[in-house]
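Subject: Structure handover

Hello,

Here is the structure I said I would pass on. My notes on what was found in it follow below.

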Amino acid sequence: HCPLVTVSTMAGRWPKSSAADEIEQKEFDEVVYRIGDAMLGGQRRSLKDLFLPVTVGSLLAASAFSPATRTIIGKGLGAVMVGVSGYLVLHCNIPKLRDAMLAKFIPGTFQDMDKKMKRVKKELLKSLEGRVLDVGAGTGSYIKYSRSLPVAEYVALEPYAYLIPSLKKNAEKSKAEALANKESHPEVTVLNQTLEMLPSDQNGTFDCVIFGNVMCEIKDCPAALAHVRRLLKPGGKLYFIEHVLDDQNPFRSALQHMINPLWRSFSDGCNCNRRSLDIIRTQFPNFMCFTLGTAGIAHLRPFIVGIAKA
């Protein structure tokens, strides 16, 4: 068995200025322990977990094969590289084709990720309230976690137009499921915008902001977090789940640095070697988080999961 939680480290603490802060600290500690209990049961490695080590092992083993065998392997790898290169040429030079391909690929990826992180998200987001801003909402995988919570309005912000249809569809699906289960559901507003496009009359109007795997794509993360601070009410919270550079695993961190240029082009802007927690710390010194190692693509681990207070 492969445990999902590989590290459980409190990376920050609330300043203990009141009894309410003490309660919030205890509540967050309980979230960590509940997630740990839920995940440490473990799950078997998927084929995706084994892909990288099997591939590397196969290549090393191939070096002992005959010249003819090595030639066949070389031609196979060459064909793969030609295919990848062809994809990148089309991807970078034909925007409509790129968007159509990503519109087919990304929803399935988000759905797969949501299944793996479902219990983590549910525990982390159970204190959502008031007016919520979901930055880079993607296909709307976080909307359903606001059901039966004291959330008045859920604003889903997504800059990529090709994801808006899936986002609206999942918002309607979540609302229908809530109605069928007799649960409350917030009003959902979908905006095809970026953070900086939100006008000044929105300053200080949000109780909660969600960052779900968006810091890997944002070009100027410090500026984005500054916008989050202006949009949050005093004492408002930033909830984040982000994949980051693996500083604890030299092999994985080297891999992340090595493939990042290719991955960024392939994935339309995602960087797999960001130190996002260091960036969050500069704008939100009052935060709590832990590191979660979860099943998924080898170069998109680990995840930082936490809450920061404005």
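I begin with a loop residue. K182 sits in the loop that runs between α5 (164–180) and β3. The model is a predicted one, and in it the phi of K182 is near 60°, which is a positive value in a residue other than glycine. With a relative accessibility of 80%, K182 counts as exposed.

A second loop residue is similar in kind. N213 is placed in the loop between β4 (206–212) and α6 (221–231). Its phi is near 55°, again a positive value in a residue other than glycine.

The sheet

How are the strands arranged? There is an open sheet of 7 strands with mixed pairing, and the order across it is β3-β2-β1-β4-β5-β7-β6. The edges are taken by β3 (187–191) and β6 (287–292); each has a single partner strand, so one side of each is left without a neighbour in the sheet. On average, neighbouring strands of this sheet are turned by 15° against each other, direction ignored.

Strand β7 and its neighbours

Strand β7 (residues 303–309) pairs with β6 in the antiparallel sense, over 6 bridges. Strand β5 (residues 232–243) also pairs with β7 in the antiparallel sense, here over 7 bridges. A308 of β7 shows both pairings: A308 is the bridge partner of F287, and L238 stands opposite A308 as well.

Is β7 covered or open? The strand is mostly covered, with 7 of its 7 residues buried. This holds for both faces: F303, V305, I307 and K309 are buried on one side, and I304, G306 and A308 are buried on the other.

The loop between β6 and β7 contains P302. The peptide bond leading from R301 to P302 is cis, and its omega is near -5°.

In strand β6 there is also C289. C289 has a relative accessible area of 1%, so this residue is buried. The C-alpha atoms of C289 and I241 are separated by 9.5 Å, and the two residues are 48 apart along the chain.

Helix α7

What span should helix α7 have? The helix covers residues 250–266, and at 1.5 Å a residue its 17 residues should span 24 Å. Its end C-alpha atoms are 24 Å apart, which agrees with that figure. There is nevertheless a bend of about 55° in α7 at N260, and a proline, P261, follows within four residues.

At the start of α7, a side-chain oxygen of N249 comes to within 3.1 Å of the backbone nitrogen of F251. Just after the helix, D268 has a positive phi of about 65°.

Several residues of α7 are buried: R252, S253, L255, Q256, N260 and W263. N260 therefore appears twice in these notes, as a buried residue and as the place of the bend.

Helix α8

Helix α8 (residues 276–283) contains R281. R281 has a relative accessible area of 36%, so it is partly exposed. The C-alpha atoms of R281 and P222 are separated by 10.0 Å, while the residues are 59 apart along the chain.

Aromatic rings

How many aromatic pairs does the whole structure hold? A search finds 1. The rings of Y160 and Y162 have their centres 5.4 Å apart and their planes at 25°, so the pair is stacked. What is the accessibility of each residue? Y160 has a relative accessible area of 28% and is partly exposed. Y162 is buried, at 13%.

If you are looking at the structure for the first time, start from the sheet order, β3-β2-β1-β4-β5-β7-β6. From there go to β7, where 7 of 7 residues are buried, and then to α7, with its bend of about 55° at N260.

Regards

Notes:
Residues are numbered from 1 along each chain as its sequence is written. This is a predicted model: local features need pLDDT of at least 70, side-chain atom pairs count only at pLDDT 80 or more; totals for chains, interfaces and linings use all residues. Side-chain values use heavy atoms; hydrogens and water are left out. Two strands pair if DSSP finds at least two bridges between them. Helices (H or I, at least four residues) and strands (E, at least two) are DSSP runs, numbered from the N terminus. Axes are lines fitted to C-alpha atoms, for helices over the stretch in contact, and angles run from 0 to 180 degrees between N-to-C directions. The expected span of a helix is 1.5 Å times one less than its number of residues. The bend at a residue is the angle between axes fitted to the seven residues ending there and the seven starting there. Buried means under 20% relative accessible area, exposed over 50%, partly exposed in between (1.4 Å probe, protein chains only). A polar contact is a pair of N or O atoms within 3.5 Å; within protein, one must be able to donate a hydrogen and the other to accept it, and residues adjacent in sequence count only if both atoms are side-chain atoms. Rings of Phe, Tyr and Trp (its six-membered ring) pair if their centres lie within 6.5 Å; planes under 30 degrees apart count as stacked, over 60 as edge-to-face and the rest as tilted.
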